[in-house]
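Subject: Structure handover

Hello,

Here is the structure I promised to pass on. Please open it next to this message and follow along.

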Amino acid sequence: MKHTLLTVAIAGVLATGASVTTPSASSGQAGAVQAQVAPDPIRELVGHLELERYKATLQGLAQFGDRQQGTKRNRDAVDWIEAQLKSYGCANTERITYMYPSPEASDPAAVARQGGAGRAGAGGAAEAGGGQRAGGGGQRVAGAAPATPPSPPVPGSPEWVRRSREGGSTQYGFRGRTGVNNNLESQANEKLRELNAEPTSPGERQQVFCTKVGVTRPQEMYIIGAHMDGLGKGEAVNDDGSGTALVMEIARIMHMPGVTSDVSIRFILWNNEESGLNGAWAYVNQRVELQGIESPRGSGRYPEPKWLGMIQHDMMMWDHGMPRADGTLNPDQRPEADVNIEFQSASRFVDQSMKLAFAFKAAADAYTTHYPAAVGPHMTNTDSRPFQDRVAAISLRENERGMQTGAGWNPHWHQPTDLFATFSDRDFLLGLNAAQVTLSGVARLAGVKAVK
Ligand SMILES: [Zn+2]
C-alpha cells in the first residue's frame, strides 16, 4: 500500500525529477523522447528544492541548540528565522505575542475542564511525552539478552500497559523506550552544554509568520507550519528543525521572482509546541474570529484570511523502522521509508481533512523524486491539533505519530543525540522529499503560477 513510486538511488545532489515520468508525458507514445507539453510550473518550483540548501537551513537552526521555549536561545532563533524569511522576500513578517502559561495559549476545552484560568498550562508537559527519564532513549547495554524470549502479555493486561509505557513487547511489536532528556550533563559536547544551559522560565513568548498574499482571492489562505522550539539538550534538528527548515525553504521558493498564487499562503513557525501546542493554541484563540474580515474596510487587506487548510510538519527525516526484538536499532533508513500524511478521524473536519490528505498524496505521486507518501487517520500531538475542529488539517511526518513514533521508532526523539551530525544524506533527503509533497500539494490547491 505504500509503494507507488520507484525509489531512485540516492545521489549526492537531488535530481530534479528528470527521471520521473509525469502524468502529462506518459500520455504520449512510449519511447517518445520528449512530448510537446507546456512546461509545468509546479515541477519547476519543486526543482528549486535543493538538498544542500535544506541542510544549510538546518545548520542555521542548529546554532541555537535545542531552542527550548522560554530561553534566550529560543528568542534568538525566532529573530534569526524572521531575518531569513525577510531575506527570501517574505518581507511582511508579523509576530504573535502571548504569555506562557496562560489560558490564551491553551486548549479552551481543557481550561474549562480544569475550572478556569488558574490551572491553564499546568499540564503542558504531557504533550511532550511526559516521561522525565533522563537519557533513556534507545540506550541499551549489549549482551543482556534474555535466555528465553519473553511471551507477549495479553493486550490490555496490567503487564501490557506497563510495557507499553516502559518499553517492551506489545501487539504492535517491540517498543523502544521514549522520554524527554532534561539532563544537561548527558550532552557530550561541551559547547552544546553551554548553549543549552539556561532553563526555561515563564513569561512572554513570540512566534513569527509571513504571508504570500493571493492575487485573486487574498481573503482565503492555506497555513503551512512547523514548530521551531525543541527539547533534549541537543540541537533539535529532527524535532523540529526538519519541519522548520522545510517551511522556510517553501517560503523561499514561493517568493522567487514571477511566482504568484491565487489564494494566500501563510508560513508560520510555531513556538511552545513541546510545552502543549501553546503557540498554535494562542494563534487560534487570538485569530479564529478575525477570519475573512477586511481591515481597514475597503482596503483590500485581510489580516486573517479565511482558513482553507492547515498543513503541519513535525519530525521529517528518520524512518529506520521499529526497534529490533533485542532492543537495538537499525542504523540505516528502512527500504520502506515514506512520508506519512495524517488526518484525524475523530475531528469535526474529518471529511475535509481526509480530502486534503489525499490531495497531498496525489501531489506526492506526481512530484516526489525519492520516496512515496502514505495517508493515515491518526494525526495527533502536534500544532495542527488546535485547527482540526475548525478547518481541514493534516500533518506530514517521517512516521505515524501514534503507533510508530509513540513506540520508540526514533531513538533521537527529545534526546541529546538529535544533532545535525546524527543524520545522513538519506535522512535529509526524506525531509526534502516531504518538502516536495507540500510545495506541490499547496501549489495545486492555491493556484500557484510561475512566470518567467
Ligand atoms: Zn515535534
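One term first: helices (H or I, at least four residues) and strands (E, at least two) are DSSP runs, numbered from the N terminus. By that count the protein has 12 helices and 12 strands. Keep in mind that this is a predicted model.

**How far to trust it**

The average pLDDT of the protein is 86, and 79% of the residues score at least 70. Two stretches need care. Residues 1–32 have a pLDDT below 50, yet this stretch has 47 contacts in the model beyond near neighbours in sequence. Residues 118–147 also stay under 50, with 51 contacts beyond four places in sequence. Where pLDDT is low, the predicted coordinates should not be read in detail.

**The whole chain**

The protein has 452 residues, of which 54% count as buried. Take the contacts with a separation of 6 or more: residues 24 or more positions apart account for 81% of them.

**The zinc site**

Which residues hold the zinc ion? Its protein donors are H227 through NE2, D239 through OD, and D314, which is listed twice through OD. They lie 2.0 to 2.7 Å from the zinc ion. The spacing of the donor residues in sequence is H-x11-D-x74-D. D239 and D314 link distant parts of the chain, 75 residues apart. D239 belongs to helix α8 (residues 237–254), and D314 to the loop between β8 and β9 (339–342).

The angles among the four donor atoms run from 53 to 152°, and the site is irregular. Why is it not called tetrahedral? Four donors count as tetrahedral if all angles lie between 85 and 135 degrees, so a range of 53 to 152° does not qualify.

Are the two aspartates buried or exposed? The cut-off for buried is under 20% relative accessible area. D239 has 3%, so it is buried. D314 has 2%, so it is buried as well.

**Helix α9 and its aromatic neighbours**

Helix α9 covers residues 278–287, and eight of its 10 residues are buried. Among the buried ones are W281, Y283 and R287. What covers them? The list includes the helix α5 (108–113). It also includes the strands β1 (94–100), β4 (203–212), β5 (217–227), β7 (263–270) and β8 (306–313).

Look closely at Y283. The protein has 10 aromatic pairs. In one of them, the ring centres of Y283 and F387 are 6.0 Å apart and the planes meet at 45°, so the pair is tilted. Y283 sits in α9, while F387 sits in the loop between β10 (373–376) and β11 (393–397), so the pair ties together parts 104 residues apart in sequence. Y283 and F387 are both buried. They also belong to one aromatic cluster, together with F209, W270 and W307.

**Helix α12**

Helix α12 (residues 425–446) has 22 residues. From its first C-alpha to its last it reaches 31 Å, close to the 32 Å expected. 18 of its 22 residues are buried, so the helix is largely enclosed by the rest of the structure. G447 follows α12, and its phi is positive, near 70°.

**W80 in helix α4**

W80 lies in helix α4 (residues 72–87). Its relative accessible area is 19%, so W80 counts as buried. What does W80 touch, leaving out residues up to four places away in sequence? Its partners are T57, G60, L61, Q63, F64 and M248. Between W80 and F64, the C-alpha separation is 9.4 Å, with their positions 16 residues apart along the chain.

**Backbone points to check**

Two peptide bonds are worth finding.

- Y100 and P101 are joined by a cis peptide bond, with omega about -5°. P101 is in the loop between β1 and α5.
- The bond from S295 to P296 is also cis, with omega near -10°. P296 is in the loop between α9 and β8.

Next, two positive phi values outside glycine.

- A236 has a phi of about 45°. This residue is in the loop between β5 and α8, and at 0% relative accessibility A236 is buried.
- L277 has a phi of about 60°. This residue is in the loop between β7 and α9, and L277 is buried at 1% relative accessible area.

Start with the zinc site, then move on to Y283.

Best wishes

How values were computed:
Residues are numbered from 1 along each chain as its sequence is written. This is a predicted model: local features need pLDDT of at least 70, side-chain atom pairs count only at pLDDT 80 or more; totals for chains, interfaces and linings use all residues. Side-chain values use heavy atoms; hydrogens and water are left out. Buried means under 20% relative accessible area, exposed over 50%, partly exposed in between (1.4 Å probe, protein chains only). Contact means heavy atoms within 4.5 Å. pLDDT is the predictor's confidence in each residue, from 0 to 100. Donors are N, O and S atoms within 2.8 Å of the metal (3.2 Å for Na, K and Ca); water is not among the atoms, so sites may look incomplete. Four donors count as tetrahedral if all angles lie between 85 and 135 degrees; four count as square planar and six as octahedral if opposite donors are over 155 degrees apart and all others between 65 and 115; anything else is irregular. Rings of Phe, Tyr and Trp (its six-membered ring) pair if their centres lie within 6.5 Å; planes under 30 degrees apart count as stacked, over 60 as edge-to-face and the rest as tilted. The expected span of a helix is 1.5 Å times one less than its number of residues.
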